[in-house]
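Student: Could you take me through one part of this model in detail, looking closely at how its helices pack and at the sheet beside them? I would like one connected account rather than a list.

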Amino acid sequence: MTGQIKYHANGNPVTYAADMVKDYRSERFFIPDDHVEPTRTYLQRQADKLSAAGDKQGAAQAYRNRNRVQPMGVQSSP
């Protein structure tokens with residue numbers, strides 16, 4: 001099992017999603033706890049949108065990325 005620790009001060013889910021494309025080999029992405037739900041929600045919406053458009057491969061990748069997001073056990077700010 002592998003994992004990447006990622007932190008972006010802005011907490012932008014799009015930024016985390018772009019990182020996941022670049023670091024596609026990592027099985028897990030550990031991000032601050034308060035960035036987890038917004039990122040998972042963004043990826044879920046992206047997957048649902050791709051699925052509705054008939055892009056099964058794109059949707060599968062977005063669902064996979066959603067499941068890769070894991071909390072790192074800390075908040076982004078104290």
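Tutor: In this predicted model, helix H2 (residues 33-52) and helix H3 (residues 56-68) pack at an angle of about 165°, with their axes 8 Å apart. Angles over 145 degrees count as roughly antiparallel, and H2 and H3 are therefore roughly antiparallel to each other. The crossing in which H2 passes H3 is left-handed. On the H2 side, the contact is made by Arg 40, Leu 43, Gln 44, Gln 46, Ala 47, Asp 48, Leu 50 and Ser 51, and on the H3 side by Gly 58, Ala 59, Ala 62, Tyr 63, Asn 65 and Arg 66. By character, the residues of this contact between H2 and H3 comprise 6 nonpolar, 5 polar and 3 charged.

H2 also has a relation to the strands, since it lies across S2 and S3 and runs at about 160° to S3. These strands belong to an open sheet of 3 strands, ordered S1-S2-S3 and paired in parallel. Strand S1 (3-5) and strand S3 (69-71) are the edge strands, each of which pairs on one side only. Averaged over the sheet and with direction ignored, neighbouring strands are turned by 30° against each other.

Strand S2 (residues 28-31) runs parallel to S1 and is joined to S1 by 3 bridges. Across this pairing, Gly 3 stands opposite Arg 28 of S2, while Gln 4 stands opposite Phe 29 of S2. In a regular strand, side chains alternate between the two faces of the sheet. Along S2 that alternation places Phe 29 and Ile 31 on one face, where they are buried, whereas Arg 28 and Phe 30 point to the other face and are not buried.

Strand S3 brings the account back towards the helix, by way of Pro 71, which is found in that strand. With a relative accessibility of 40%, Pro 71 counts as partly exposed, because that class covers the range between the 20% limit for buried and the 50% limit for exposed. Leaving aside residues up to four places away in sequence, Pro 71 touches Phe 30, Ile 31, Asp 33, Val 36 and Arg 40. One of these partners, Asp 33, is 38 residues away from Pro 71 along the chain, yet the C-alpha atoms of the two are separated by 4.7 Å. Another, Arg 40, is also among the H2 residues that make the contact with H3, and Ile 31 is one of the buried residues of S2.

Key. Residues numbered from 1 in each chain as written. Predicted model: local features only at pLDDT ≥ 70, side-chain atom pairs only at ≥ 80, totals over all residues. Heavy atoms only, no water. Axes fitted to C-alpha atoms, helices over the stretch in contact; angles between N-to-C directions. Helix = DSSP H or I, 4+ residues; strand = E, 2+ residues; numbered from the N terminus. Parallel < 35°, antiparallel > 145°, perpendicular 65-115°, else oblique. Left-handed = near helix turned anticlockwise from the far one by under 90°. Contact = heavy atoms within 4.5 Å. Nonpolar A, V, L, I, M, F, W, Y, C, P; charged D, E, K, R; others polar. Pairing = 2+ DSSP bridges. Buried < 20%, exposed > 50% of the residue type's maximum accessible area, 1.4 Å probe, protein only.
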